[in-house]
Amino acid sequence: MAHSFQTTLLSFLFIFSITQAQPSFRPTALVVPVKKDASTLQYVTTVNQRTPLVSTNLVIDLGGRFLWVDCDQNYVSSTYRPLRCRTSQCSLAGSIACGDCFDGPRPGCNNNTCGVFPENPVINTATGGEVAEDVISVQSTDGSSAGRLVTVPRFIFSCAPTFLLQNLASGVTGMAGLGRTRIALPSQFASAFSFNRKFAMCLSGSTSSNGVIIFGNDPYKFLPNIILSDQALTYTPLLINPVSTGATSTQGEPSVEYFIGVKSIKINSKTVSLNTSLLSISSEGNGGTKISTIKPYSVLETSIYKAVTEAFIKESAARNITRVASVAPFGACFSTNNVGSTRVGPSVPYIDLVLQSESVVWTITGSNSMVYVNDNVLCLGVVDGGSNPRTSIVIGGHQLEDNLLQFDLATSRLGFSSTLLGRRTTCANFNFTSTA
């Protein structure tokens, strides 16, 4: 009897030591799908949040500070934890507000909690919101397909009132901020799983097939066996605007959005004449070029807009492309009659954004420059941003589609592919179906 008990004990200890020795699964990258909403042209991702897990749709805000969700309606979770004032998590969140809520306790309304200012940049509105922690769960990836679900048990986010969802895509309950803050998704995922503070965004131009965001390490593999590693990208520094460009900010706080240094613009290899002082960021935080997932099309300061559209019209006329009446919100529209089609979109003059040197160029081909309004008309997909905008050039969603953009927060650089159509793939070709 004693012998069999010892054997059982030994085998139990042996099994226990094996299970203890097996490292818990630690992903090197995470992946989320990104769908383009047909009616708003916003980019929407889905994560699982709460206990029990609830599938949560969020509008992607590339320059957003953090994840916020509507806690007023149907937020039920056994693992929701409001963050108490003066805790380390509150300072991580950049909270400078602390307060009580006399309508609670409930998610979004508790006493002695710290607050931040969730923002909806679509309606340019921010409001106060409680900072909290809850479970979030997303898929891991090896870069080529989606793998098992992994969980961050105490992911910091903010609650917001229902009205902040105004003008967001149907079925969305919040926004996912990817900006340069300690609690935006890229930084929290990186610290939770000890991988690099970088993410790659590949937006699909199709409303019926998903693009992808990959947090963590490369390579990035797209069907049919197209591998985009670091070596396959062109790099330019990410610039920091010294002045916040958000709806709310504290004194002296730099912007958390992503800026790059466009030095000149070429159309059909010819430099467009424009006021280059508008291209740099002033000490007051005006000017420069930022990348946005909130603007569906690129927005140009009026004088830049006029110079670019006039040069584009002139170069198109030289190809016998006929200009037709404008279709709002676009100014330069053309008949489709004389426009051929190529692998990289309609056959129109290329637009080059020249970056830190003449050899570093982001080329915008017809797939990203032109918008089909109907079968007979296509328009240059840029809009007039007025004569005194905060930022001179905002590169919008249409210009980003089917481009792989890698934002490396640790080295402060942007890697970009230019259109993937030239490499015979698209952002919709990430393999979400198989699991590791």
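**Strands 17 and 18, helix 3 and N368**

Let me begin with strand 17, which pairs with strand 18, residues 259–260, in the antiparallel sense over 2 bridges. I should say at once that this is a predicted model, and what I describe should be heard with that in mind. Within this pairing, L238 has I260 in strand 18 as its bridge partner. Strand 17, which covers residues 234–239, also pairs with strand 34, residues 413–419, again in the antiparallel sense and here over 4 bridges, and in that pairing T234 stands opposite F416 of strand 34.

Let me turn now to helix 3, which runs over residues 185–193 and is largely enclosed by the rest of the structure, because 7 of its 9 residues are buried. The buried residues in helix 3 are L185, P186, S187, Q188, F189, A190 and F193, and just after the helix comes S194, which takes a positive phi of about 55°.

My last stop is N368, which lies in helix 5, residues 366–369. Is N368 buried or exposed? With a relative accessibility of 2%, N368 counts as buried, because the cut-off for buried is under 20%. As for what its side chain reaches, there are two backbone oxygens to point out: that of H398, at 3.0 Å, and that of E401, at 2.8 Å. If we leave aside the neighbours within four places in sequence, N368 is in contact with H398, Q399, L400, E401, N403 and T419, and T419 belongs to the residue range of strand 34, 413–419, the strand that pairs with strand 17.

Definitions and conventions: Residues are numbered from 1 along each chain as its sequence is written. This is a predicted model: local features need pLDDT of at least 70, side-chain atom pairs count only at pLDDT 80 or more; totals for chains, interfaces and linings use all residues. Side-chain values use heavy atoms; hydrogens and water are left out. Buried means under 20% relative accessible area, exposed over 50%, partly exposed in between (1.4 Å probe, protein chains only). A polar contact is a pair of N or O atoms within 3.5 Å; within protein, one must be able to donate a hydrogen and the other to accept it, and residues adjacent in sequence count only if both atoms are side-chain atoms. Contact means heavy atoms within 4.5 Å. Two strands pair if DSSP finds at least two bridges between them.
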